[in-house]
Each structure stands twice: as C-alpha cells, then as structure tokens.
Amino acid sequence: MSATDHTKNYLQGGGLWSWLTTLDHKRIGVMYMIATMFFFAIGGIFALLVRLELFKTGPLFSPDTYNKFFTLHGAIMVFMFIIPVIPAALGNFFLPIQIGAKDVAFPRLNLLSWYIFMIGSFLLVLAVLSGGVDTGWTFYTPYSIRSATSVIFATLGVFIMGFSGILTGLNFIVTIHKLRAPGMTFHRMPLFLWAIYATAIIQVLATPVIGITTVLLVMERVLHIGFFDPKLGGDPVLFQHFFWFYSHPAVYIMILPGMGIVSEVITVFSRKHIFGYHAIAYSSLAIAGISFIVWGHHMFVSSQSPLANFLFSLLTMLVAVPTAIKVFNWTATMYRGSIWLQTPMLYALAFIFLFTIGGLTGLFLAALSVDVHLHDTYFVVAHFHYVMMGGTVMGLLAGLHYWWPKMFGRMYPEGWGKLSCSLIFIGFNLTFLTQFFLGKMGMPRRYHDYLPQYAPLNMASTVGSWFIGAGFLIMFTYFIWSLFKGAKAPANPWDAKTLEWTIESPPTTHNFHKEPVVTTGPYEYGEVKI
Amino acid sequence: MTEHVVPDHFHSAEQAFESSKLGLWLFLVTEILLFGGLFVIYIIYRAMYPDMFHEASRHLNRTLGFINTLVLICSSFTMAMAVNKTQNDRSNRANQYLLLTLMFAATFMVIKYFEYTHKFHEGLLPGAHFSFAEITHPKADLFFSLYFMMTGLHGIHVLVGIGLILWVLVRSNRGDFGSRYSTPVELTGIYWHLVDLIWIYLFPLLYLIG
C-alpha cells in the first residue's frame with residue numbers, strides 16, 4: 001500500500017488482484033456496489049417472475065415454485081441488496097471523504113467485511129441452487145423447522161452477512177468519532193453522515209440479535225433444542241419477537257441512508273442552505289432510537305397480549321414524528337429555492353412523494369383495528385414497497401446519479417436519466433398503488449393465485465412491473481455506457497459545497513492532497529436573490 | 001524489537017490506539033447483545049417453568065462449575081498483569097503472565113470437556129435428545145438446551161480467546177510490544193475480561209438456582 005503513488009486516481013493501475021486485496025475505501029465501496037447491484041438484478045428478476053405468475057388467474061408456475069420465488073425475492077432484496085447497498089457502497093466511498101479523512105478507521109476490517117458479505121451471499125445462493133427456500137424471508141417457526149427446503153444454508157447466510165453489517169457499522173462509528181478533519185465538528189457534518197451514523201448504531205445494536213436468532217434456528221433444525229418448537233415446549237411467537245427485534249430496526253437501516261442522500265440532493269439542487277439542519281440530523285438519531293421499541297407491530301394478530309398490542313401501536317405512531325420532521329424540512333428547503341431539475345433531484349422528489357404515501361399508509365397499519373383487517377394483505381405489501389422501493393431505492397438512485405460523476409469521472413446522459421426515472425416512477429405507482437386497493441379488497445399476500453374479482457388490478461400491477469424493469473434496463477445500460485463514452489466530469493458539476501466536491505473526479509488514492517481544514521457548515525449557499 | 005508503524009491514515013499513535021479501543025468496545029456491545037438473546041430466553045422460560053429450572057439445575061456439577069469460576073477469575077488477574085507489565089516494558093514478565101492466562105483458559109476448557117461428556121453419558125441432552133429418567137418435569141429438556149447453548153457459545157468465545165492470547169504471546173515473545181505500542185495486548189485483555197464476566201453470570205444462573 002505504501003508503495004503506490006497517491007497522486008494517481010483510485011481507479012488507475014493494478015489488475016483484478018489489486019482490487020481483491022485493496023484497502024482503499026473507495027475501491028471497496030465500488031466492489032460493494034458491483035455485488036449489490038448484481039444481487040439487485042437477480043432479486044428483480046424474481047420479482048418480475050412473481051408478478052408474471054399473478055398476471056392472470058390460474059397457475060403459470062407450480063405453487064411451490066411460486067413460494068420459492070417470493071422467498072428468494074424477499075431474502076435477496078432485503079439481506080443482499082437493500083441493507084448493505086447505501087451504507088456499504090456509497091457510505092464506504094463517501095464517508096471518509098466527507099469528513100476529510102484518508103480512509104476509514106480500519107481498512108483491513110473493511111475489506112474483510114466485504115469478503116464476509118460475499119461468503120454469506122454465496123451461502124444464500126447455495127440455498128437457491130440446492131432447491132430454494134419456501135418460508136418467506138421471515139423464516140417463521142415452526143414451519144421453518146419442518147420445511148424440507150434449504151433453510152439452514154439461507155439462515156447461515158443471513159448470520160454471516162450480519163457480521164459484515166456489524167463490522168461495517170462499527171468501522172463507520174469509529175471513523176466518524178475519531179477521524180474527522182480539523183474543524184469538522186459533528187454539526188458541520190453533511191446530513192448524509194448523520195444518517196449513516198444513525199444507521200451504523202442500529203446495525204451494531206440490532207444485528208447481533210438476528211445473529212443469535214438464526215443460530216438458534218439452525219440449532220433447532222440440527223439438534224431440536226425446542227426453544228421455538230411448540231412440540232418440544234417452546235414458543236414460536238418468541239421467534240417472532242426475536243426476529244422483529246432485529247428486523248424492524250433493520251427497516252430503518254434500509255431507509256435512513258436514503259433519507260441522508262435526499263437531504264444532500266435537495267439542498268444542492270435547490271441552491272439553498274438546508275432548512276432545519278439540526279432537526280434533520282437529530283431526527284435520524286430519534287428514528288434509530290424509536291426503531292428499537294416498535295417491533296411488536298408486526299405481531300398484532302399473533303398471540304401478543306392486548307396491552308402489548310396497545311403499547312406497540314402507540315409507540316409506532318411515534319415514528320411518524322421524526323420522519324415528518326424530515327419531510328417538512330426538505331419541503332421548506334425547496335421553498336423559494338432555485339430548483340434545478342436534474343435526474344438526482346427528480347429521484348429525490350420521487351422519494352419525498354412516494355415515501356410520504358408509504359409513511360402515511362404505515363399509520364393505517366399501526367392502528368390496531370385497521371391492521372386486523374389489513375394484516376397479511378396486499379395493503380402491507382404495497383406499504384412496505386412504497387417505503388423500501390419508493391423510499392430507499394429512490395434515495396439510492398438519487399445518490400447514484402448525484403455521485404456517479406465523482407466516483408467514475410464521467411457524466412451519465414441526462415436525457416436518458418430523466419426517461420428512465422419517469423418510467424420507473426410511473427411503473428412503480430402502477431405496480432404498487434393498485435396493490436393498496438387489492439389489499440383493501442382483502443386479497444391476501446403470498447398466494448400464487450386469486451379470485452376473479454382481483455384480476456384487473458393484478459394485471460395492471462404486473463404491467464407496471466414491466467415499466468420498472470424497462471426503466472432499470474435503460475439505467476444499467478447508460479451507466480455502463482457512460483463509463484466508456486460519457487462526458488468527462490468536472491470536479492464539481494453540481495456546484496455542491498461538501499468536501500467530496502473539492503477534490504478531483506475521480507479522487508486520488510489518498511482523497512486529499514493535503515488535509516482539509518473545515519471552517520463552515522456543509523451547505524453554505526448565499527441568500528437567494530429575487 | 002521491531003518498530004510498530006502507525007498506519008498513515010492516522011495522525012498519531014494515540015489516535016490509532018483510541019480508535020482501536022473504541023472499535024473493540026463497540027464489538028463488546030454486540031457480544032453482549034448476542035448473549036442477550038439467550039439471557040432473554042432464559043428469563044422467559046424460567047418465569048414459565050420455575051420448578052423445572054430448580055430441579056434441573058441440581059443435576060449440574062456445582063463443584064466443577066465453582067472451580068471453573070475461580071480459574072477464570074485468576075486468568076483475568078494474570079491477563080491484567082500481562083497488560084500492566086507490557087506497558088511498563090517488562091516483556092519477560094508479560095510473557096509469563098500471558099502463558100499463565102493461556103494455561104488457565106485451557107484448564108477451563110478441559111474441565112468443561114469433562115462436564116460435557118458426563119452430561120452426554122447421562123442423557124442430559126438438549127431438546128429432543130433428552131433422555132434422563134430422574135427429572136420428571138416434561139419440559140426439563142429446555143433447561144439443558146439453554147445450558148448447552150449458553151455454555152457452548154461461551155466455550156466458543158473461550159476458544160477464540162485462547163487463539164488471541166496465543167497470537168499475542170507469540171508477538172510479545174518476538175518483542176513487538178512495549179510502552180510505545182501495546183494495543184493488541186490491551187484489546188485482547190478487554191475481550192478476555194468480557195468472556196470471564198459472562199461466565200460470572202452464567203455460573204449462578206445455571207448452577208446455583210436449585
């Protein structure tokens with residue numbers, strides 16, 4: 001490492017081996033990006049197959065195959081794409097640069113966590129190849145104890161990937177605490193980092209619990225220890241508690257980084273200082289805190305006590321407060337701003353629009369009486385896709401377009417970017433808005449077939465999924481095209497104020513030629529003149 | 001003595017040490033949460049079946065458990081001394097203390113091995129494999145599931161600790177550490193204390209409730 005020339009940009013030099021042994025956070029970030037995007041494509045194909053089955057009534061695939069499709073779609077998207085993608089890919093790349101550091105605190109650990117992630121993913125892929133999994137991504141007991149499919153490989157994969165998340169989170173927390181450049185106080189950090197910081201806290205605190213849960217599930221299958229098995233005196237609802245104690249905070253591992261990106265993009269493309277910097281920053285921490293006390297809302301119709309149901313319902317409503325604070329502040333940032341509608345901004349606007357719908361329908365589900373009716377229907381499916389895809393994925397795409405010039409030194413084609421954004425936005429709403437109505441009409445989730453009265457909306461939903469597919473196909477194509485043929489990117493194409501835009505595109509190995517000294521906040525735009 | 005080089009993304013040796021230490025403490029938090037899951041299961045099933053826990057606990061070997069507790073407490077002391085001697089540049093002494101710690105850790109595992117084989121022999125096994133006629137309570141297998149999961153996970157941590165101490169001992173013997181650089185010794189020490197501390201909780205919760 002010490003022998004390399006630090007004035008070269010990080011992409012230059014070295015073959016495949018130098019990438020696989022790199023300690024450079026930027027290269028590791030890119031490696032994460034390639035891996036997660038690949039998994040996203042696979043998870044997406046499974047999604048298209050699920051929708052294809054539901055295009056018309058009557059089986060296209062066998063019911064068992066359908067169960068495997070939706071399980072793999074869920075498990076791959078959750079564990080191999082949406083949890084790692086923003087922190088591990090974009091966070092890895094930009095966290096050290098945005099605080100003015102040369103690297104993360106533990107570069108070797110960083111590389112290790114990539115390998116751990118790949119090993120975990122490999123196990124999940126092995127589960128796919130050895131017959132798939134049909135339990136749903138939630139692995140509920142007792143079915144997951146008895147299912148004849150590859151539950152062990154899949155849960156071990158989840159366990160191992162958890163380590164990778166923990167190590168990344170730990171690395172980020174230490175980096176933010178110990179490696180900030182002179183003058184980079186916490187309150188001068190870009191809001192993306194506040195979000196990444198809050199995410200890292202959740203990763204470190206919640207992931208060990210899914211770790212022990214998956215280990216116990218494996219033990220349940222191998223040794224029949226009985227903790228979660230009613231036949232042996234155990235309690236399957238206990239598994240649900242354990243599972244959601246991690247997996248609910250995990251939902252915020254997914255959404256918080258997206259919110260961080262939107263905070264950056266909104267202020268840069270409104271040419272205006274962010275409104276309510278402190279409110280947005282601390283609401284990230286508030287979301288992280290609240291995320292740990294709401295898991296029971298996934299279990300309103302399990303045997304949970306009415307008192308617990310009541311409390312979890314009440315606490316869940318609390319989530320709406322810090323998230324609404326963010327939405328209001330983003331909106332207020334745009335007010336009288338000089339809005340520049342480039343692709344990243346379009347995605348950020350899509351985020352606000354779709355995430356608001358996702359958030360508000362979350363309140364329906366938090367209300368006990370309504371949830372009893374809507375539980376396990378397509379309403380829930382629509383709700384979390386509005387949050388996860390309408391939220392996180394839109395945030396990711398905003399960030400990807402925003403930082404693409406910095407990462408690879410090339411501009412993406414703006415016109416094609418807008419086209420694919422429109423396709424994805426229209427397709428998304430066609431796919432999932434319909435599912436709110438299906439859910440309200442009572443269509444249950446996870447069935448391979450449905451009654452005739454659900455047919456028209458299902459057909460519309462499937463057509464929507466093709467729009468989304470087409471949008472992503474265009475996007476992948478132009479991103480790859482731009483790597484070779486895209487216009488050379490200047491150091492700061494968006495006139496942004498954070499540190500990563502003060503250095504070359506793409507950055508040199510050591511990011512900065514000399515350590516930056518920070519004297520102002522991250523979004524110092526002048527007063528808007530009218 | 002080979003001079004330790006501070007990685008160039010740090011400004012100073014102190015910053016590097018502080019970072020490593022914070023990282024390790026965060027890691028210990030995750031360890032506590034990992035074990036925390038098992039402790040929660042313990043609390044729940046003990047509240048559900050208090051009589052069974054009392055009855056089943058009597059079939060654990062208190063004497064061996066007590067000796068093991070003493071062994072681990074001693075090992076914590078020798079580990080702390082090893083750190084202290086390293087910081088004062090008395091590496092010969094440090095090596096001796098590390099060796100002692102290693103021996104205590106190994107003793108713990110040997111005793112655990114005898115406990116386990118005895119349990120296997122009697123049929124005091126987890127879950128569905130439970131086949132011990134003297135306990136009448138139908139849910140007694142849950143206690144032994146917990147016993148094996150908790151002490152098993154702890155045992156794995158002891159084994160990892162043995163590996164770490166061995167690694168530190170080899171490096172210390174080579175002269176890598178001293179007052180200027182002792183991070184690996186200190187971090188291994190902190191980790192080792194946590195492993196001991198978890199046992200301090202496991203011992204009364206499993207062995208002494210009968």
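Start with chain B: among its contacts with a separation of 6 or more, 76% are between residues 24 or more positions apart. Keep in mind as you look around that this is a predicted model. Chain B has six helices and zero strands, so if you read its elements from the N terminus on, you simply get α-α-α-α-α-α. Its C-alpha trace spans about 65 × 30 × 25 Å along the principal axes. Of the 210 residues in chain B, 37% count as buried.Now zoom in on one helix pair in that chain. In general, two packed helices are described by the angle between their axes and the distance between the axes. For helix α2 (residues 50-57) of chain B and helix α5 (residues 140-174) of chain B, the angle is about 60 degrees and the axes are 9 Å apart. An angle of that kind makes α2(B) oblique to α5(B). The crossing of α2(B) and α5(B) is right-handed. On the α2(B) side the contact is made by M52(B), F53(B) and A56(B), while α5(B) contributes A140(B), F143(B) and F144(B). What sort of residues meet in the contact of α2(B) with α5(B), nonpolar, polar or charged? The split is six nonpolar, no polar and no charged.

Before leaving chain B, have a look at D89(B). This residue sits in the loop between α3 (62-87) and α4 (91-122) of chain B. Its phi is near 60 degrees, a positive value in a residue other than glycine. That's worth a glance, given that most residues other than glycine have a negative phi, and most peptide bonds are trans. D89(B) has 14 other C-beta atoms within 10 Å, and therefore counts as partly exposed.

Chain A offers a counterpart in R336(A), which has a positive phi of about 60 degrees although it is not a glycine. You'll find R336(A) in the loop between α11 (306-334) and α12 (343-366) of chain A. Is R336(A) buried or exposed? It counts as exposed, because there are 11 C-beta neighbours inside 10 Å.

Next come the cis peptide bonds. One joins T141(A) and P142(A), with omega at about -5 degrees. P142(A) lies in the loop between α5 (107-129) and α6 (143-146) of chain A. Another cis bond runs from S505(A) to P506(A), where omega is near -10 degrees. P506(A) belongs to the segment after α16 (455-485) of chain A.

Back to helices, this time in chain A. The axes of α5(A) and α7(A) come within 8 Å and cross at roughly 165 degrees. That angle is why α5(A) is roughly antiparallel to α7(A). Their crossing is left-handed. The residues in the contact of α5(A) with α7(A) come out as 16 nonpolar, eight polar and no charged.

Helix α15 (residues 414-440) of chain A lets you do a quick length check. How far should its 27 residues span at 1.5 Å a residue? The expected figure is 39 Å, and the end C-alpha atoms are 39 Å apart, which agrees. After α15(A) comes G442(A), with a positive phi near 105 degrees.

For a single residue in chain A, try I97(A), which is placed in helix α4 (residues 85-98). I97(A) counts as buried because 23 C-beta neighbours fall inside 10 Å. Setting aside its neighbours within four places in sequence, what does I97(A) contact? The list is L499(A), E500(A), P507(A) and N511(A). As for I255(A), it is 158 residues from I97(A) in sequence, and the two are 22 Å apart in space, C-alpha to C-alpha.

Finally, put the two chains together. The contact takes 29 residues from chain A and 25 residues from chain B. On the side of chain A that touches chain B, the elements giving two or more residues are α7 (151-178), α8 (191-222) and α9 (236-270). Which element gives the most to that side? α8(A) does, with eight residues. The residues on that side of chain A divide into 19 nonpolar, seven polar and three charged.

Technical notes: Residues numbered from 1 in each chain as written. Chains lettered and ligands numbered in written order. Predicted model: local features only at pLDDT ≥ 70, side-chain atom pairs only at ≥ 80, totals over all residues. Contact = placed C-beta atoms within 7 Å. Helix = DSSP H or I, 4+ residues; strand = E, 2+ residues; numbered from the N terminus. Nonpolar A, V, L, I, M, F, W, Y, C, P; charged D, E, K, R; others polar. Axes fitted to C-alpha atoms, helices over the stretch in contact; angles between N-to-C directions. Parallel < 35°, antiparallel > 145°, perpendicular 65-115°, else oblique. Left-handed = near helix turned anticlockwise from the far one by under 90°. Expected span 1.5 Å × (residues − 1). Buried ≥ 20, exposed ≤ 12 C-beta atoms within 10 Å, placed from the backbone.
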